[in-house]
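Here is a short briefing on a sheet and some of the helices around it. Have the structure open as you read.

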Amino acid sequence: MFDCSELVKENPDVIFVTIPYRLSVLGFLHLSHLADGKDYPDAQNLGLLDQKMALKWVHENIAAFGGDPDNVTIWGESAGAGSVTMQPLIKGSQQYFQKVIAQSGAPIQTNSVEESISTTNDLMETLGCKTVADLMKVDARTLIDTAAATVALRIFPVRDGSILPFDPWEAYENGIAKDIVFLQGCNKDEMNCFVADWTVEGFKAWAADRKTKKYAHLLTDEEKAKIESFCKEGAVEDWEPDSRLFGHSWFIEGAIKMSESQTKGGGKSYTYYYRVESSNPIRKSAHFEEVPIVFAHPEMIEGRQYDATFMKTMRKMWVQFAKTGNPSLSADISPDGKAKEWPLYDLENKRVMVLDEFDIHPAKESEVKIVDWDRTYFLIKYYML
């Protein structure tokens, strides 16, 4: 899905570099609290440090491939989008890039130190381990498979106050990335992807468990009432309230909070709202639906083909942003011959670019109602609720 070959063919003046980094328990497992864990102070964020080292390599070597080390855009989707919005927060990392493209991901995809310790302890108990030395005796496949079965979707980078700040939003609002330009956004029906992939019953079971373990003891009665009111609106199927709620709390609110915080800090953010619906009645405009479009893999789109001009226009805006720091298209380079002026997000009008299949256009957030500022936006403070 993320292969860039076709994208390069369409844009031969762009150089793409993809990187590997440690994932899940290999990249984000807290160990320093264990009796013999003092030698592993950064284990909970090794994946992010791997990324930083890869960016350093690109900075030092990309010129040999014809690239410009002073015009680098880091680009990610989902967890990758979380990663590229965390890199500006890491000391020394900003020198290696100038722009960020973040699709459906933000620093909301992090854990507190307490949450990461709890996750490690639960995994250790399942494995029958008490120390790092015990863990070292577990083969990698068993470790990975056990983590997937017991602590899946609980392992994230950690707001440790060392590599990542305790409050990423505050850091952005204080201007930590004011010199970095962002293109970022979210999809209308983010969580529907998980409903379709896990099955309706599987998703409902997961949502019920998640709410019991996370929502029940964190939210105030007033907050619970707000969420209940939000979930009652517009639902037809019994899985839709939870899908809508988690779509907001995991992805949509985070994208808008990034735009808000970056703008408050004196930086620039070009924000989009993707709402093209697939042919799958559950997925609609789900998480991941735009990925085959921007990576030029229409053969991977399920059910139906989207308008070719629309798809090419999205890619052109992404590439134009990487080249210039502004995704707007003049008429002479726009695939449909019509100029596309993409306004910066601003704190008064909160302008976004709405990505509709036959009508790409800017709008105020209040016109398209991306978030519910009263009933769900407060969930930001709980991160991955």
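The points below cover the sheet, the helices lying across it, and the burial pattern of one helix. Note that this is a predicted model. An open sheet of 6 strands comes first. The burial pattern of α11 comes last.

**The sheet**
- The strand order is β1-β2-β5-β6-β7-β8, with mixed pairing.
- The edges are taken by β1 (73-77) and β8 (359-364). Each has a single partner strand, so one side of each is left without a neighbour in the sheet.
- From one strand to the next, the twist averages 20 degrees.

**The β1 edge**
- β1 pairs with β2 (residues 99-103) in the parallel sense, over 5 bridges.
- E77 stands opposite Q103, a residue of β2.

**Helices across the sheet**
- Helix α4 (residues 79-86) lies across β1, β2 and β5 (181-187). Its direction is at about 145 degrees to β1.
- Helix α12 (residues 240-264) lies across β5 and β6 (268-274). Its direction is at about 155 degrees to β5.

**Burial along α11**
- Helix α11 spans residues 221-231. Its buried residues are E223, I227, F230 and C231.
- Seen down the axis of α11, these buried residues fall within an arc of 95 degrees, so they line one face of the helix.
- D221 and E222 are exposed, on the other side of α11.
- The cover over the buried residues of α11 includes α10 (200-218) and α12. Helix α12 also lies across β5 and β6.

Definitions and conventions
Residues numbered from 1 in each chain as written. Predicted model: local features only at pLDDT ≥ 70, side-chain atom pairs only at ≥ 80, totals over all residues. Heavy atoms only, no water. Pairing = 2+ DSSP bridges. Helix = DSSP H or I, 4+ residues; strand = E, 2+ residues; numbered from the N terminus. Axes fitted to C-alpha atoms, helices over the stretch in contact; angles between N-to-C directions. Contact = heavy atoms within 4.5 Å. Buried < 20%, exposed > 50% of the residue type's maximum accessible area, 1.4 Å probe, protein only. Arc of directions from axis to C-beta.
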